[in-house]
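Biologist: Could you take me through one part of this model slowly, strand by strand and with the neighbouring helices? I'd like a connected picture rather than a list.

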Amino acid sequence: MSVWIPANNDFIMDQEFPHPAWGMERMKKYSQGQFDRLENLAKINPQSVWNEISSEWAGNWPEGGDVNHKFLIIPEVIKFLNPQANDRILDLACGEGTLSRIIRETTDMVQGIDFSHMIDYAISREEKEPLGINYSKLSAYDVAKTFAKGSFNKIVCNMALMDMDDQIGRAHV
């Protein structure tokens, strides 16, 4: 298997390894010393961690995200999602809205939701550079209670399922 990596160094950013947003590393860094034993993990949850790192995460990436998102992840998500003009797409756990904005280039209706402070960056950007995207601060667990069944014909959740437990699979939208 071969993987394409951009040869243009202008697109490659220095990245800390392991990246502070990666699962366990993120939890260790932002647990303020509480993560010395596995049983203490219950004191930390994905929402509290994302709230804590939102300004660091959202404020440090160029348009389209880091090199991995911009050139590897997002193009594959878009290819798989295949957004069409008449689609009604829910971007579940949309973060700061990068994927929502890309989807909106070809789709008439995009709704982005996120439960963390990351959504504040998406809302702020939409106010400054409006594309007609609806953003809501909402947990994925509340989607079925908030939107009528059939509100969306496609749902995308990019790089966020690892922060949700199995109950999310029971939601019907």
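Modeller: Here is a walk around strand E2 and the elements beside it. Keep in mind that this is a predicted model.

Let's start with E2 itself, residues 109-114. Five of its six residues are buried, so the strand is largely enclosed by the rest of the structure. On one side there's E1, and the two strands run parallel, paired over five bridges. If you want a spot to click on, try aspartate 91, whose bridge partner in E2 is glycine 112. To get from E1 to E2 the chain goes through H4, and that β-α-β crossover is right-handed.

Now for the pairing with E3, residues 134-137. E2 and E3 are parallel too, with four bridges between them. Here isoleucine 113 is a handy marker: its bridge partner in E3 is serine 136. The connection uses helix H5, residues 118-128, and E2, H5 and E3 together make a right-handed β-α-β unit.

H4 deserves a second look, because it holds arginine 101, which counts as buried at a relative accessible area of 7%, under the 20% cut-off. What does arginine 101 touch, leaving out residues up to four places away in sequence? Its contacts are Arg125, Glu126, Glu129, Leu131, Ile133 and Tyr135. Two of those, Arg125 and Glu126, fall within the H5 range of 118-128, while Tyr135 falls within E3, residues 134-137. That ties the helix of the E1-to-E2 crossover to parts of the E2-H5-E3 unit.

H4 also has H3 against it. The buried residues of H3 are Val67, His69, Ile74, Val77 and Leu81, and they pack against E1 (88-92), H4 (98-104) and E4 (154-156). H3 covers residues 67-81, 15 residues in total, and spans 20 Å from first C-alpha to last, close to the expected 21 Å. Don't picture a ruler, though: there's a kink of about 40° at isoleucine 73, shortly before proline 75. Just past the end of H3, asparagine 82 takes a positive phi of about 50°.

Another helix worth a glance is H2, residues 46-59, where you'll find valine 49. At 1% relative accessibility, valine 49 counts as buried. Its C-alpha sits 8.8 Å from that of serine 116, although the two are 67 residues apart along the chain.

One last stop is the aromatic side chains. The structure holds one aromatic pair. Phenylalanine 147 and phenylalanine 152 make it, edge-to-face, with 5.1 Å between the centres and 75° between the planes. Both of these phenylalanines, 147 and 152, are buried.

So, back to where we began: E2 has parallel pairings with E1 and with E3, and five of its six residues are buried.

Note on methods
Residues numbered from 1 in each chain as written. Predicted model: local features only at pLDDT ≥ 70, side-chain atom pairs only at ≥ 80, totals over all residues. Heavy atoms only, no water. Phe/Tyr/Trp six-rings, centres within 6.5 Å; stacked < 30°, edge-to-face > 60°. Buried < 20%, exposed > 50% of the residue type's maximum accessible area, 1.4 Å probe, protein only. Expected span 1.5 Å × (residues − 1). Bend = angle between axes of the 7 residues up to and from the residue. Contact = heavy atoms within 4.5 Å. Pairing = 2+ DSSP bridges. Right-handed = clockwise from strand over helix to strand, strands pointing away.
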